[in-house]
Amino acid sequence: MIQAFGLTSNPRKDLPPAVDDVSFEARAGYVTALLGAAGAGKTTALRLMLELQRGRGITYFRGRPLHRIAHPSREVGVLLGDVPGHPARSVRGHLRMLCAAAGVPVRRADEVLEVVGLVSLREERLGTLSRGVDRRLGLACALLPDPHTLLLDDPADGLSARENQWLHGMLRAHATQGGTVLFTTADPKEAARAADRVVTLDEGRLVADQDAADFARTRLRPRVAVRSPHAARLASLLAREARAAQRSVEVVRESGNRLSVYGSTCADVGETAFRHGILVHQLADEVGDTGTGVAPAPSVESHVLDGTLSDGVEGEPGPSQVSGPAETHTGASDGESCPSAAAGPVEAVTTIDPLAPLPPPISVRPAPSPLRPLRYELRRAAGVGTGFLTGAGVLVASALTAVLLARVGHTPQPRLLAAWPRELPLPPAALGAGLLGALAFGDEFRHPALAVDRGTVPRRLGLLAAKLVVAAATALLLALLTLGCDAEALYLVYGQELAEVPADWLPLGVSWIGFVIGCAWAGVLAAGVFRSTTAGLAAVVAVPVLVVPLVQKALEGASVRAAAGFSVRLREVFLSQWPFGGERYLSAAVRVLAQPVGGALTLSLTALLCAYLFTTLRSRVR
């Protein structure tokens, strides 16, 4: 069950709020439609309910607000706009990744694909899907964790009539099993056909909350639409003839020169106009939303006739005697009223006392972390070919650079194997590792993949740890493959002499691996802080270009003391010798950090990690 109270969006400069004091209920076991024309505030209301947009009010899902639910995706399945996924990812791969985020078995992806009829398209890329298929995939994403509540924003958009019927059957089946369904639509006929209850919004305000049967009776009655420059005279004549013939006819004078005649036919209205020489510009049968375009004013004339109604003249309506109580129903699209004699009782909308305290503010809350972050990150990284293409490009560029450096000469052997010319700030391996690290977060913000129901990717420590582990493993593999490819290319072109391994290969290898992994981590952290792949890669390049010169200047001068004998003093402090020569490796690590590049990279990683933690804690406090 959904209970929304006082939903109000923040004002927009000189414009009124998109949603203003909206309260309604959507009951379990029923399908509820949120009806309104474009700009009525339907999507904004959903975003306020999901705490994606700032405003006021509160929404309970089975008695709890969304931020009090441990795993929101298992309680509320959401479809807002297009499916937020990388265009190069396959349909099945996208759902398998979301399975890890929601903590459900991976076989659930194939089950929902079969339910929504996308089994034959499971290997299609998201960027190639048609609008109708995208809506089916969005419904599959919403159904993936088997939620109790479905919130769908215009789910029938782009669907054919047959697909529309299938969709309504799906929503009805979910409600029959005890679930709650709330969907938005701008089509009154669709709302009456698919929903049990219709909540109507107009210009951000709640104007009607009715059962589907009452809604259809009051808003979808057949009528005759008439346009004439003598609309007032024609309305008066129709009233007289209805009284004389003892027929129940309702004439509603709308905006401009338009009339809506209920209880009559085109033939009767046309004959009346012809007999009295009244020019008619339009005469047509209509079945639709009776609230559209109605503009009552002091000169509006509305006649409900059952044979005893006296005719009225413009501005002077006559007394009426009707068989049933006439009541006013408020239209969905313009909020203006039109009388209806045959309508059933319309439920009154409860308004909040203006002197009552305001509803609580709605804060934008981040999405939850994946329940299985490492599995999620592996499927995210391996689901598109960007990482594999980047790795292949790095290996080719590194091998070519090593061969060219050997041809030029005067390059030390360690730099030759790493393909790192002195003229470049970074070798291809480090630059590629930084790019892959930046893609781990930045590309995810560009194509949100984790939280289809919350819109953005969170910066949680569990997700960060998973990304750092995967980035480190990828960078380690790239560093080793680069050395191997460079050595093999040098051997094939120049022979054994240039492919020899240096004598101090162990500390050099540790430094090389640490440097490449550090670049990858810098890309991950910078992209997470600035939410951009470009910013992540820029942070990686800034380490040798900006930070290294600063560290070199800080380390220069007579005031800097040497750290000789560090391993001996370390052994004296711990009063024992470390097993397997551990103090030697620690001393080597300290020497690496004491170098300008190592110190600059360590300083950059520390600053980025602190910035990441600061932004994460600040979002939680808000």
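**Figure 1. Ala419 sits in the loop between H13 and H14.** Helices (H or I, at least four residues) and strands (E, at least two) are DSSP runs, numbered from the N terminus. Although Ala419 is not a glycine, its phi is positive, about 55 degrees. Most residues other than glycine have a negative phi. Ala419 has 0% relative accessibility and therefore counts as buried (under 20% relative accessible area; exposed is over 50% and partly exposed in between, with a 1.4 Å probe and protein chains only). The model is a predicted one, in which local features need pLDDT of at least 70 and side-chain atom pairs count at pLDDT 80 or more, while totals for chains, interfaces and linings use all residues. Residues are numbered from 1 along each chain as its sequence is written, and side-chain values use heavy atoms, without hydrogens or water.

**Figure 2. Trp420 meets Phe515 ring to ring.** The ring centres of Trp420 and Phe515 are 5.2 Å apart and the planes differ by 15 degrees, so this pair is stacked. (Rings of Phe, Tyr and Trp, its six-membered ring, pair with centres within 6.5 Å; under 30 degrees is stacked, over 60 edge-to-face, the rest tilted.) Trp420 belongs to the loop between helix H13 (413-418) and H14, and Phe515 to helix H16, so look for two parts of the chain that are 95 residues apart. Both Trp420 and Phe515 are buried. Arg415 lies over the face of Trp420, 4.7 Å from the ring centre (CZ of Arg or NZ of Lys within 6 Å of the centre and within 35 degrees of the ring normal).

**Figure 3. Phe441 belongs to the largest nonpolar core.** This core has 50 residues, and Phe441 is among those with the most contacts inside it, along with Tyr376, Leu464, Trp512, Phe515 and Val524. (Such a core joins buried Ala, Val, Leu, Ile, Met, Phe, Trp, Tyr and Cys through side-chain atoms within 4.5 Å.) Several helices supply at least two residues each, including H3 (91-102), H12 (386-408), H14 (428-446) and H20 (596-621). The largest share, 12 residues, comes from H16. Apart from this core lies another of 42 residues, among them Val31, Ala102, Leu144 and Ala195.

**Figure 4. Phe441 has company on several sides of the sequence.** Leaving out residues up to four places away, Phe441 touches Val457, Pro458, Leu463, Leu464, Lys467, Val524, Ala527, Gly528 and Tyr612 (heavy atoms within 4.5 Å). Ring pairs join Phe441, Phe445 and Tyr612 into a cluster. Lys467 lies over the face of Phe441, at 4.9 Å from the ring centre.

**Figure 5. Phe5 and Tyr60 form an edge-to-face pair.** Their centres are 6.1 Å apart, with 65 degrees between the planes. Phe5 is in strand S1 (residues 2-9) and Tyr60 in strand S4 (residues 55-61), 55 residues apart. Phe5, at 37% relative accessibility, counts as partly exposed, and Tyr60 is partly exposed too, with 27%.

**Figure 6. Helix H10 (residues 266-275) has buried and exposed residues.** Cys266, Val269, Thr272 and Ala273 are buried, whereas Phe274 and Arg275 are exposed on the other side. The buried residues pack against strand S10 (222-227), helix H9 (231-245), strand S12 (258-262) and strand S13 (282-287). After H10 comes Gly277, with a positive phi near 65 degrees.

**Figure 7. Residues 292-356 have pLDDT below 50.** The chain averages a pLDDT of 80, with 79% of the residues scoring at least 70 (pLDDT is the predictor's confidence in each residue, from 0 to 100). Beyond near neighbours in sequence, the 292-356 stretch has 151 contacts in the model. Where pLDDT is low, predicted coordinates should not be read in detail.
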